[in-house]
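Work through the exercises below with the structure open. Try each task before reading its solution.

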Amino acid sequence: MNVTVDTNVLVRAAVLDDPHESHLAAKILREAETVAITLPALCEFVWVLLRGYRRPSGEIAAAIRRLVESASVAVDAPAVHAGLAVFEAGGDFADGVIAFEGRRLGGLVFVSFDRRAVRQAKANGGEARLLSPTARAR
C-alpha cells in the first residue's frame, strides 16, 4: 500500500504516548510500500514536538533524518535538508523550507518581519530582507 501520512501519524510514531495509536502508526510506517510525507506535515511535526511535547531540537532533527533516510519514504529531500540546516542552526524548520521553496519557485529574496528568519536565510547563503513595519513606502 502507498500512503500519505498525516502529521498525527508521525507524532504518534515519534512520541509513543498512546500505546494503541503509536502501534498503528509504527506499523503503517514500517509496512507501507511508499510513505509520502509532505512538507506541511513535517513543518507541523516539528512545531507539535517543540511546542506541544517540548522535545529537544536535536531529537526532532534526528527523527526527521531517520524518516528521510528510510527507503520507503518519499519526501522532498532537498527542501527537508534546507529546513534541517536552518533548524539545526537554531532557526525555524518551516522558515528554512519556505526560503528554499521560494528560491526554487523563482523568489530570489526572502522577505519577512521575523528578524531571526531573515538572519537564518542570509546565513544559509540566500538573499533576505527584513521588512520593517515602521518603514513607509516611497
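**Exercise 1. Find which residues of α5 meet α6, then sort the contact by class.**

Solution.
- Start on the α5 side. Pro 78, Ala 79, Val 80, Ala 82, Gly 83, Leu 84, Val 86 and Phe 87 make the contact.
- Go to the α6 side. Their partners are Phe 93, Gly 96, Val 97, Phe 100, Glu 101 and Arg 104.
- Sort by class. Ten residues are nonpolar, two are polar and two are charged.

Bear in mind that this is a predicted model.

**Exercise 2. Describe how the axes of α5 and α6 cross.**

Solution.
- Set the ranges. Helix α5 covers residues 77-88, and helix α6 covers residues 93-104.
- Take the distance. The two axes come within 7 Å.
- Take the angle. They cross at roughly 135 degrees.
- Classify the angle. Roughly antiparallel needs over 145 degrees, and roughly perpendicular runs from 65 to 115. The crossing angle therefore makes α5 oblique to α6.
- Add the hand. The crossing of α5 and α6 is right-handed.

**Exercise 3. Map the largest nonpolar core and say which helix gives the most to it.**

Solution.
- Count the members. The largest nonpolar core has 32 residues.
- Pick out the hubs. Leu 10, Val 35, Ile 37, Leu 42, Ile 64, Val 80 and Phe 93 touch the most other members.
- List the helices. At least two core residues come from each of α1 (7-15), α3 (39-52), α4 (57-69), α5 and α6.
- Rank them. α3 gives the most, with seven residues.
- Look beyond this core. A second, separate core has six residues, including Ala 99, Ala 117, Val 118 and Ala 121.

**Exercise 4. List the contacts of Phe 93, leaving aside neighbours within four places in sequence.**

Solution.
- Begin with the lower numbers. Phe 93 is in contact with Leu 42, Cys 43, Val 46 and Ile 64, among others.
- Move up the chain. Val 80, Gly 83, Leu 84 and Phe 87 complete the list.
- Link this to the earlier tasks. Phe 93 belongs to the α5-α6 contact, and Phe 93 is also one of the core hubs.

**Exercise 5. Place Leu 16 and Arg 54, and decide whether each is buried or exposed.**

Solution.
- Check phi for Leu 16. The value is near 55 degrees, positive in a residue other than glycine.
- Locate Leu 16. This residue lies in the loop between α1 and α2 (19-31).
- Apply the cut-off. Exposed means over 50% relative accessible area. Leu 16 has 59%, so Leu 16 is exposed.
- Repeat for Arg 54. Phi is near 55 degrees, again a positive value in a non-glycine residue.
- Locate Arg 54. The loop between α3 and α4 holds this residue.
- Finish. At 66% relative accessibility, Arg 54 counts as exposed.

Definitions and conventions
Residues are numbered from 1 along each chain as its sequence is written. This is a predicted model: local features need pLDDT of at least 70, side-chain atom pairs count only at pLDDT 80 or more; totals for chains, interfaces and linings use all residues. Side-chain values use heavy atoms; hydrogens and water are left out. Axes are lines fitted to C-alpha atoms, for helices over the stretch in contact, and angles run from 0 to 180 degrees between N-to-C directions. Helices (H or I, at least four residues) and strands (E, at least two) are DSSP runs, numbered from the N terminus. Angles under 35 degrees count as roughly parallel, over 145 as roughly antiparallel, 65 to 115 as roughly perpendicular and the rest as oblique. A crossing is left-handed if the near helix is turned anticlockwise from the far one by less than a right angle, and right-handed if clockwise. Contact means heavy atoms within 4.5 Å. Ala, Val, Leu, Ile, Met, Phe, Trp, Tyr, Cys and Pro count as nonpolar, Asp, Glu, Lys and Arg as charged, and the others, Gly among them, as polar. A nonpolar core is a set of buried Ala, Val, Leu, Ile, Met, Phe, Trp, Tyr and Cys residues joined through side-chain atoms within 4.5 Å. Buried means under 20% relative accessible area, exposed over 50%, partly exposed in between (1.4 Å probe, protein chains only).
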